[in-house]
Amino acid sequence: MLSSPISYRIVEGALVLARKSFPWQAIYQMGQFALNQTGRAYTGKVPLVWTSAFFPVEIAWSLQLCPFSPEVAAAFITGIGFGQEALSMGEEAGYSRDLCSFHRCIAGAARAGHLPRPRALLASTHLCDGAPLLFQNMAEIYNAPCFTLDVPYAADRDAEVYVAGQLERLWHDLAEATGRRPDRVALGETLRHSNGFRENMIRANELRCRVPSPISGNDMLAFIYLFFIGQGSREAAEISACLAKEIEEKIAGGRWGGVEKFRLLWLHLKPYYSNEVMSFIEQAGGVLAFEEFNHIYWPPLDPDEPFLSLARKVLAHFDYKPVEERIRVIRELAEKYRVDGIIHFSHHGCRQSTGGSLILKEALQEAGWPVLLLDGDCLDGRNEAAGGMLTRLQAFFEILEERKEGCLI
Ligand code: SF4
């Protein structure tokens, strides 16, 4: 079922019928885009490339390839109930349970033949240590070339030139490996789409400063799909434009609002195997006012200097720097979105996110925000009983409540 393009066509059809029931047409459009892309991935008609979470996917779009994010696929597989089976298969293949469950799930799903066969794999070394290693292993399974972008830690001029040089070579090598013709005009067009996506998301993010929040952060976490796979596509530019327009219209029409007991800033991703945690937050009156993953941190791309500007984008990530930079960005977001508290979803096995979380917590608490480090796992429900997470959330909300009451006295 998972690997049949027909399944995706059927669900696409069902989605059309349910179009009006979507609270946001941008989410409906994104669903259509995701299903269409996944269906294409399994038909094998367009050369498919796997891209790791932070790889600049514009490279693939500019060569008219079909990019596929196995991390997103792992979340999808988990969401539809096959996560446990894939995780077990990954563990049987030797992926230990202290590794990130996204990677275990991908390894298991690949072993079971659930994932589409790539013509090439594109991984980047920044932020996610595990991805380049996993991609190397997957390249062996699929007998496909793996291109690894080596991103240095220092974001100086030398680093920009070094990364830009690699990207240019990689672009040509990838074109050769997939039978595509490298075309600078198409590359420029891709960068313009990417800039469109960036500008629209900035616009949407600005609109989200309103109190109460015009859109739920839980809905906004779905847009991770566009961040991982869409940047550079015409569709991501259009969907993000639709999103910004819809939020604008909602605000202009005065058709928004609701009780906001606690405004929260959400760091990292969320559990995909169950909706219990997110529902609990909503029922307790918590609103995700903003999410770290939706923050636009990079400068616009320059179609006249495509590789250099893509290199700048890669090197600009605030989490691939000393932890003080992540603290600075989180503080700015907490102020901008006027949050009452910050929740860091500490996904097991993710060194890039949880590595500095205690330092982050201390610094943000000193600056005046209550912080909860919520230990959990995005995909593996065995790693943390939901009951434990809910108890910790409840205790955190009591702290937020007491602070609010303290302010009123
Ligand atoms: S959660 Fe962390 S370790 Fe896992 S795939 Fe994402 S960045 Fe990599």
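This report describes the ligand shell, the empty spaces, one helix and several single residues of a predicted model.

**Ligand shell**

Around the ligand stand F54, C100, F102, H103, C128, H268, H347, G349, C350 and Q352. By class, this shell holds 5 nonpolar and 5 polar residues, with no charged residue in it. Two of the shell residues come up again below: F54 in the lining of the largest cavity, and H347 among the contacts of S101.

**Cavity and pocket**

Rolling a probe the size of a water molecule over the atoms shows where empty space is left. The model has 1 cavity of 30 Å³ or more. The space in the largest cavity comes to about 340 Å³. Its lining is made of 25 residues, and F54, F227, F228, Y297 and H317 are the closest to the centre. Two or more lining residues come from each of α11 (224–230), α14 (306–315) and α16 (351–354). F54 is thus listed both around the ligand and close to the centre of the largest cavity.

The second largest pocket holds about 320 Å³ of space. Here 22 residues form the lining, and those nearest the centre are I215, S216, E282, G286 and V287. At least two lining residues are supplied by each of α10 (217–220), α13 (276–283) and β6 (286–291).

The linings break down by residue class as follows.

| Space | Nonpolar residues | Polar residues | Charged residues |
|---|---|---|---|
| Largest cavity | 13 nonpolar residues | 7 polar residues | 5 charged residues |
| Second largest pocket | 10 nonpolar residues | 8 polar residues | 4 charged residues |

Charged residues are present in the lining of the largest cavity and in that of the second largest pocket, while the ligand shell has none.

**Helix α2 and A41**

Helix α2 covers residues 25–43, 19 residues in total, and reaches 27 Å from its first C-alpha to its last. That is close to the 27 Å expected at 1.5 Å a residue. Just after α2 comes G44, with a positive phi of about 75°.

A41 belongs to helix α2. Its relative accessible area is 5%, so A41 counts as buried, the cut-off being under 20%. Leaving out neighbours within four places in sequence, A41 makes contact with L48, C66, F68 and P116. Of these contacts, C66 and F68 fall within the range of β2 (66–68). L15 is 26 residues from A41 along the chain, and their C-alpha atoms are separated by 19 Å.

**S101 and T148**

S101 is placed in helix α6 (residues 101–111). With a relative accessible area of 0%, S101 is buried. Beyond residues up to four places away in sequence, S101 touches L87, H347, D377, L379 and D380. H347 also belongs to the residues around the ligand.

T148 is part of strand β4 (residues 146–149). Is T148 buried or partly exposed? Its relative accessibility is 31%, so T148 is partly exposed. Its contacts, apart from neighbours within four places in sequence, are A123, T125, P132, Q136 and Q166. A131 and T148 are 17 residues apart in sequence, with a C-alpha to C-alpha distance of 9.8 Å.

**Backbone exceptions**

Most residues other than glycine have a negative phi, and most peptide bonds are trans. The peptide bond from V211 to P212 is cis, its omega being near 0°. P212 sits in the loop between α9 (184–207) and α10.

Where does Q64, a residue with positive phi, lie? Q64 is in the loop between α3 (58–61) and β2 (66–68), and its phi is near 55°. With a relative accessible area of 46%, Q64 is partly exposed.

L127 also has a positive phi, near 70°. The loop that holds L127 runs between β3 (120–124) and α7 (130–142). L127 is buried, at a relative accessible area of 6%, whereas Q64 is partly exposed.

Terms used
Residues are numbered from 1 along each chain as its sequence is written. This is a predicted model: local features need pLDDT of at least 70, side-chain atom pairs count only at pLDDT 80 or more; totals for chains, interfaces and linings use all residues. Side-chain values use heavy atoms; hydrogens and water are left out. A residue is near a molecule or strand if one of its heavy atoms lies within 4 Å of it. Ala, Val, Leu, Ile, Met, Phe, Trp, Tyr, Cys and Pro count as nonpolar, Asp, Glu, Lys and Arg as charged, and the others, Gly among them, as polar. Helices (H or I, at least four residues) and strands (E, at least two) are DSSP runs, numbered from the N terminus. The expected span of a helix is 1.5 Å times one less than its number of residues. Buried means under 20% relative accessible area, exposed over 50%, partly exposed in between (1.4 Å probe, protein chains only). Contact means heavy atoms within 4.5 Å. On a 1 Å grid over the protein atoms alone, a cavity is a set of points where a 1.4 Å probe fits but cannot get out, and a pocket is an open set with protein on both sides within 12 Å along at least five of seven lines; lining residues have an atom within 4 Å of a point. Grid points are joined across faces, edges and corners, and a volume is the space filled by probe spheres set on the points.
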